[in-house]
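Work through the exercises below with the model open. Try each task before reading its solution.

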Amino acid sequence: SSRGGGVGGGAGVDPGPAPGRKLKSFFWDRIPENRVPATFWAAHPPDYGLLGPHLALAEELFQAPQLSAKAGKLRAAKSLAVLDLKRATAIGIRMSRMRRPWRQMVSAAITLDVAALPDAAAARALLQCVPTPDEAKLLDAFRRNDASLAGLAEAELFALDLMTVPRVHQRLKTLLVRFEARSALAGVSRVIAAHRAAQEQTRTSPSFARALAGALALGNFLNHGSRLGAAPGFRIRNLPKLQDTRSLDGRTTALSFLARVLVEATPPVPPLAAELPALLAPALRTPLSEAAETLASVAEGLQAVQQELSASPPRLVLRLTVLQDATPPHASATAAASQDTSQTTGSQNAQPLNAGSQGASSQLTGNRAKPQSGTRQGRPFARVAEGASDGGGGHE
């Protein structure tokens with residue numbers, strides 16, 4: 001038997017059979033009748049005949065629970081605090097797994113040394129050792145009160161040293177973008193391809209269409225007489241709610257009940273896995289919304305890389321070594337390789353080297369530095385090394 005449109009239905013929608021007791025509500029997004037003609041539901045009305053032999057069981061399983069008059073007492077949630085010991089232990093574990101001694105990892109963070117930070121795991125581990133703003137305040141206060149830092153453990157000293165790296169978070173995140181962007185984009189491509197294949201199969205599957213018509217009938221039966229009842233269709237995104245809607249004893253879900261109805265139908269509906277193999281792809285576990293967030297994150301990371309490159313351009317550090325000997329100019333390099341002249345250079349040429357350095361020091365802060373001419377016998381040997389003159393550059 002069936003009754004008229006009910007509270008939520010229109011005159012043209014069959015609300016289906018009325019239950020004999022109050023049932024659990026199935027909360028879905030009901031499609032208005034004026035939008036049905038352009039949707040799947042125009043050719044697939046609710047199949048109440050599919051539910052016919054199972055209406056009594058559905059009414060028994062999904063009856064609304066009786067509210068208990070006994071009110072439980074609310075317990076105040078206890079707030080948890082992160083212990084300093086726990087944090088120091090976590091940093092210490094990451095320090096033990098680093099490729100280089102922890103004192104060298106600070107310079108590796110400054111220069112973005114891929115030999116010390118060869119992959120995303122290493123860069124992320126170092127990033128997790130960087131103190132939080134609250135931890136940085138505590139460490140800075142300790143440093144101001146005790147300049148010797150004698151009371152700090154190695155993990156705390158490491159965190160304190162990482163605080164001296166300019167824009168340490170931004171610098172390490174640029175490495176993460178370098179290591180992860182390509183694989184992230186490849187993963188998004190797999191997710192999109194899997195969703196497109198699944199969409200095409202579900203769109204053309206007769207069994208899936210029959211299952212949706214049965215789900216619409218079951219939802220209208222549960223919502224009979226309410227504003228959600230007599231629905232001509234529902235949003236496909238509401239399908240997971242079939243798994244969330246449980247029977248009174250909690251042992252049966254609306255999804256498992258619908259599966260039983262489909263298997264016992266005449267003729268039985270074939271298993272969906274036979275017509276929809278694409279739905280078994282592991283990539284479908286990632287929703288399209290998450291794939292979109294990944295694309296946005298990669299774009300944001302690339303923008304952050306550009307900003308970091310602008311903030312810390314590559315610089316050149318000039319180092320001058322004056323070789324003092326009586327050999328011809330063309331043999332200076334050979335004499336420097338065969339004789340140890342470092343002590344002679346440091347003692348006899350201290351003043352001329354300092355004088356030359358004064359002229360060169362003014363050029364060290366620029367992006368380029370030109371070697372200064374020597375004044376003593378022999379040719380000056382200029383060795384230019386790429387690095388970070390102010391602790392803020394030196395990346396590739």
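## Exercise 1: Where to trust the model

Task: This is a predicted model. Find how many contacts beyond four places in sequence the model has for residues 69-83, and for residues 329-396.

Solution.
- Step 1. Take residues 69-83. Their pLDDT stays under 50, and the model gives them zero contacts beyond four places in sequence.
- Step 2. Take residues 329-396. Here too pLDDT stays under 50, but the model has 104 contacts beyond four places in sequence for this stretch.
- Step 3. Decide how to read such stretches. Where pLDDT is low, the predicted coordinates should not be read in detail.
- Step 4. Set this against the whole chain. The average pLDDT is 75, and 71% of the residues score at least 70.

## Exercise 2: Helix 8 against helix 13

Task: Describe how helix 8 and helix 13 pack: at what angle, and how far apart are their axes?

Solution.
- Step 1. Recall what is needed. Two packed helices are described by the angle between their axes and the distance between the axes.
- Step 2. Locate the helices. Helix 8 covers residues 168-203 and helix 13 covers residues 288-311.
- Step 3. Read the geometry. The angle is about 150 degrees, and the axes lie 8 Å apart.
- Step 4. Classify it. Angles over 145 degrees count as roughly antiparallel, so helix 8 and helix 13 are roughly antiparallel to each other.
- Step 5. Give the hand. The crossing of helix 8 and helix 13 is left-handed.
- Step 6. Look at the residues that meet. Helix 8 contributes, among others, V177, A181, L185 and V188. Helix 13 contributes residues including L295, V298, L302 and V305.
- Step 7. Sort the contact residues by class. The contact of helix 8 with helix 13 has 13 nonpolar, five polar and two charged residues.

## Exercise 3: Helix 3 against helix 5

Task: Repeat the analysis for helix 3 and helix 5. Which residues make the contact?

Solution.
- Step 1. Read the geometry. The axes of helix 3 (residues 84-96) and helix 5 come within 9 Å and cross at roughly 150 degrees.
- Step 2. Classify it. Helix 3 is therefore roughly antiparallel to helix 5.
- Step 3. Give the hand. Helix 3 passes helix 5 in a left-handed crossing.
- Step 4. List the residues. R87, I91 and R94 of helix 3 meet A125, Q128 and C129 of helix 5.
- Step 5. Sort them. The contact of helix 3 with helix 5 has three nonpolar, one polar and two charged residues.

## Exercise 4: Unusual backbone

Task: Examine L112, R167 and the bond between T266 and P267. What is unusual in each?

Solution.
- Step 1. Start from the norm. Most residues other than glycine have a negative phi, and most peptide bonds are trans.
- Step 2. Check L112. Its phi is positive, about 55 degrees. L112 sits in the loop between helix 4 (102-111) and helix 5 (120-129). With 15% relative accessibility, L112 is buried.
- Step 3. Check R167. Its phi is also positive, near 50 degrees. R167 is in the loop between helix 7 (154-162) and helix 8. With 31% relative accessibility, R167 is partly exposed.
- Step 4. Check the bond. T266 and P267 are joined by a cis peptide bond, with omega about -5 degrees. P267 belongs to the loop between helix 11 (254-263) and helix 12 (272-275).

## Exercise 5: The surroundings of S207

Task: Is S207 buried or exposed, and what does it contact?

Solution.
- Step 1. Place it. S207 is in helix 9 (residues 206-222).
- Step 2. Read the accessibility. Under 20% counts as buried, and S207 has a relative accessible area of 2%, so S207 is buried.
- Step 3. Find the partners. Beyond its neighbours within four places in sequence, S207 is in contact with V269, P270, L272 and E275.

Conventions: Residues numbered from 1 in each chain as written. Predicted model: local features only at pLDDT ≥ 70, side-chain atom pairs only at ≥ 80, totals over all residues. Heavy atoms only, no water. Axes fitted to C-alpha atoms, helices over the stretch in contact; angles between N-to-C directions. Helix = DSSP H or I, 4+ residues; strand = E, 2+ residues; numbered from the N terminus. Parallel < 35°, antiparallel > 145°, perpendicular 65-115°, else oblique. Left-handed = near helix turned anticlockwise from the far one by under 90°. Contact = heavy atoms within 4.5 Å. Nonpolar A, V, L, I, M, F, W, Y, C, P; charged D, E, K, R; others polar. pLDDT = per-residue confidence, 0-100. Buried < 20%, exposed > 50% of the residue type's maximum accessible area, 1.4 Å probe, protein only.
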